[in-house]
Amino acid sequence: MSRDQADLFAEDEHERNRLPDSRRQMIRARLEMTLARLEAATVFPWRDPLDVVHEENHFEREAALLGEEGAALWARFDREMDRLYELQAAAEAPSDISRSVEGG
């Protein structure tokens, strides 16, 4: 019989918090898909700032479940988000200048 769930009464905290391999693979695949989408993005992919916060929080929570592997995925995510924020700032800068010229 395979164990899909860690023993909730295990004395060892590591054993109690162990992720089943199937869940670990599912989380890894989801995080990798998110990273691939972000790495391919040439414009900031969200319009609503709350969507960005939600995505970041969700990615961070799932990455934490993977331990060291998740930390490496989180670092990649963080680099991509920095790149995307820079793209967004660059895209907004000209329109901000033209608005101030038109309004002033």
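In which helix is the place of E86? The answer is helix α4, and we will come back to E86 after a walk through the rest of the protein. Please keep in mind along the way that this is a predicted model.

Let us start with the overall plan. The protein has four helices and zero strands. If you follow the chain from the N terminus, the elements run α-α-α-α. There are 104 residues in the protein, and 23% of them are buried. The accessible surface comes to about 7,600 Å², and carbon and sulfur atoms account for 54% of that surface. What about contacts between residues at least 6 apart in sequence? Of these, 60% join residues at least 24 apart.

Now look at two of the helices, α2, which covers residues 21-40, and α3, which covers residues 49-65. Their axes come within 10 Å and cross at roughly 140°. Angles over 145 degrees would count as roughly antiparallel, so with its crossing angle α2 is oblique to α3. The crossing of these two helices is left-handed.

Which residues of α2 and α3 make this contact? On the α2 side you can find R23, R24, I27, R30, L31, T34, L35 and R37. On the α3 side they are E55, H58, F59, E62, A63 and L65. Sorted by class, the contact between α2 and α3 has six nonpolar, two polar and six charged residues.

From here we can move on to helix α4, which spans residues 68-103. One residue to pick out in this helix is E80. Is E80 buried or exposed? Its relative accessibility is 14%, and because buried means under 20%, E80 counts as buried. Leaving aside residues up to four places away in sequence, E80 touches L38 and E39. Helix α2 runs over residues 21-40, so you can look for these two partners of E80 by their numbers in that stretch.

Finally, back to E86, which also has its place in helix α4. Its relative accessibility is 56%, and since exposed means over 50%, E86 counts as exposed. To locate E86 in space, try F44 as a reference point: the two residues are 42 residues apart along the chain, and their C-alpha atoms are separated by 8.9 Å. Helix α4 thus offers you both a buried residue, E80, and an exposed one, E86.

Methods:
Residues are numbered from 1 along each chain as its sequence is written. This is a predicted model: local features need pLDDT of at least 70, side-chain atom pairs count only at pLDDT 80 or more; totals for chains, interfaces and linings use all residues. Side-chain values use heavy atoms; hydrogens and water are left out. Buried means under 20% relative accessible area, exposed over 50%, partly exposed in between (1.4 Å probe, protein chains only). Contact means heavy atoms within 4.5 Å. Accessible areas come from the Shrake-Rupley method with a 1.4 Å probe; for residues, only the protein chains shown count as cover. Axes are lines fitted to C-alpha atoms, for helices over the stretch in contact, and angles run from 0 to 180 degrees between N-to-C directions. Angles under 35 degrees count as roughly parallel, over 145 as roughly antiparallel, 65 to 115 as roughly perpendicular and the rest as oblique. A crossing is left-handed if the near helix is turned anticlockwise from the far one by less than a right angle, and right-handed if clockwise. Ala, Val, Leu, Ile, Met, Phe, Trp, Tyr, Cys and Pro count as nonpolar, Asp, Glu, Lys and Arg as charged, and the others, Gly among them, as polar.
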